[in-house]
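Reader: I would like a close look at one part of this model, the nonpolar core, followed by the side-chain contacts and surface features around the rest of the chain. Please keep it plain and go through it in order.

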Amino acid sequence: MIHGTDGLAIGFGSVVGFILGLVGGGGSILAVPFLVYGVGVASPHVAIGTGTVAVAVSAFANLFPHWRAGRVKWRCGAVFAAAGVLGALAGSELAKAVDGERLLMLFGALMVAVGFVMLRRRGAAGDPDIRLQASTAWRLLPRLIAAGFGVGALSGFFGIGGGFLIVPGLMLATGMPLPFAIGTSLVAVSAFGAATASSYAASGLVDWRLALVFILGGLAGGLGGAAIGGKLANRKALLGRIFAGVVITVGLYVLLRGFLA
């Protein structure tokens, strides 16, 4: 049986997927405001729980192309993800105790801040041969654990994949180049999303049907975004700035709705 919200969920899910495919990350931050203001999910907590299911599935699907291309540092990603899962569980429990409208306003403020960080972010050189091994563990392990837990807590609190935070976190903790940080980040995004989704599901705050429809839309949109992104590979910087502008605009809208409420 087709529900009235299915078309909206597919449409907004395809937009998120299209942005993920086109820009290469960050589209999941739009999932919660799209579910609340676009699809009409009444509870911000249900929107977060449902959105994290879609985030986890999308990140897991996108991990394999990076793996095949050799851009995933599995040991670094595993430690970062393990510490981050603990942070995500703590953050999601805290978020469920916060008033829904206040949580949305905090989310809007985060979106604005992230948008400005994305505008300032530049590609950075690094060491493509960096590895977590006996000779580097004393230096890398504390950094990976600290950065992973902090980013995971934010990811769990706001119900986002956190790729835009994980990528710079991995680069700061290890010194790996941007392409490797992007590929490795998907290990953590998948883990954070699964942990946060499990926490919300245990509290009955996931609309599974809506999550499935949103994911289907995201997969369709992702194919289109990836195809166009491949043709515009030399314009990634411009696309990134455009997306940052979209994130800032949506964040300001969320804040305005919160103030008016």
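Author:

**The nonpolar core and its surroundings**

In this predicted model, the largest nonpolar core has 41 residues, and those that touch the most other members are Ile-29, Leu-30, Val-32, Leu-35, Val-41, Phe-107 and Met-111. Two or more residues of this core come from each of helix H1 (6-23), helix H2 (31-39), helix H3 (44-68), helix H5 (100-120), helix H6 (137-158), helix H8 (178-202), helix H9 (208-231) and helix H10 (236-260). There is also a second, separate core, made of 28 residues, with Leu-132, Met-171, Met-176 and Leu-178 among them. As background, nonpolar side chains in soluble globular proteins tend to be buried together.

The frame for these cores is helical. The chain has 10 helices and zero strands, and its elements, read from the N terminus, follow the order α-α-α-α-α-α-α-α-α-α. The chain counts 261 residues, of which 51% are buried.

**Contacts between parts of the chain**

Three C-alpha distances show how parts of the chain are placed relative to one another. Ala-181 belongs to helix H8 and counts as buried, because its relative accessibility of 0% falls under the 20% limit. The C-alpha atom of Ala-181 is 6.0 Å from that of Leu-170, with their positions 11 residues apart along the chain.

Ala-194 is also found in helix H8. With a relative accessible area of 37%, Ala-194 is partly exposed, since that value lies between the limits of 20% and 50%. Its partner is Val-53: the two C-alpha atoms are separated by 6.7 Å, although the residues are 141 apart along the chain.

Val-85 sits in helix H4 and is partly exposed at a relative accessible area of 22%. Between the C-alpha atoms of Val-85 and Val-189 the separation is 9.7 Å, and the two residues are 104 apart along the chain.

**Aromatic pairs**

Searching the whole structure gives six aromatic pairs. One of the pairs is Tyr-37 with Tyr-253, in an edge-to-face arrangement with 5.4 Å from centre to centre and 80° between the planes. The arrangement is called edge-to-face because the angle between the planes, 80°, is over 60 degrees. This pair links distant parts of the chain, as Tyr-37 is in helix H2 and Tyr-253 in helix H10, 216 residues apart. Both rings belong to partly exposed residues: the relative accessible area is 24% for Tyr-37 and 38% for Tyr-253.

Trp-67 and Trp-74 form another edge-to-face aromatic pair, with 5.4 Å between the centres and 80° between the planes. Trp-67 is partly exposed, at a relative accessible area of 46%, and Trp-74 is partly exposed at 37% relative accessibility.

**The aromatic cluster and the surface patch**

The two tryptophans take part in a wider group, as Phe-60, Phe-64, Trp-67 and Trp-74 make up one aromatic cluster. These four residues, Phe-60, Phe-64, Trp-67 and Trp-74, also form a nonpolar patch on the surface, and together they have about 430 Å² of accessible area. Helix H3 contributes the most to the patch, with three residues. Phe-64 is located in helix H3 and is partly exposed, with a relative accessible area of 31%. That value meets the accessibility condition for a patch, because the condition is over 30% relative accessible area.

**The charged side chains**

The structure holds one salt bridge. In it the side chains of Lys-96 and Glu-93 meet, at 2.9 Å from N to O. Lys-96 and Glu-93 are about one helical turn from each other, because they are three residues apart in helix H4 (residues 74-96). Glu-93 is partly exposed, at 45% relative accessibility. Lys-96 has a further contact: it lies over the face of Tyr-200, 5.6 Å from the ring centre. Lys-96 thus appears both in the salt bridge with Glu-93 and over the ring of Tyr-200.

Technical notes:
Residues are numbered from 1 along each chain as its sequence is written. This is a predicted model: local features need pLDDT of at least 70, side-chain atom pairs count only at pLDDT 80 or more; totals for chains, interfaces and linings use all residues. Side-chain values use heavy atoms; hydrogens and water are left out. A nonpolar core is a set of buried Ala, Val, Leu, Ile, Met, Phe, Trp, Tyr and Cys residues joined through side-chain atoms within 4.5 Å. Buried means under 20% relative accessible area, exposed over 50%, partly exposed in between (1.4 Å probe, protein chains only). Helices (H or I, at least four residues) and strands (E, at least two) are DSSP runs, numbered from the N terminus. Rings of Phe, Tyr and Trp (its six-membered ring) pair if their centres lie within 6.5 Å; planes under 30 degrees apart count as stacked, over 60 as edge-to-face and the rest as tilted. A charge sits over a ring if NZ of Lys or CZ of Arg is within 6 Å of the ring centre and within 35 degrees of the ring normal. Patches are made of residues with over 30% relative accessible area and no salt bridge: like charges are joined within 9 Å, nonpolar side chains (Val, Leu, Ile, Met, Phe, Trp, Tyr) within 5 Å. Accessible areas come from the Shrake-Rupley method with a 1.4 Å probe; for residues, only the protein chains shown count as cover.
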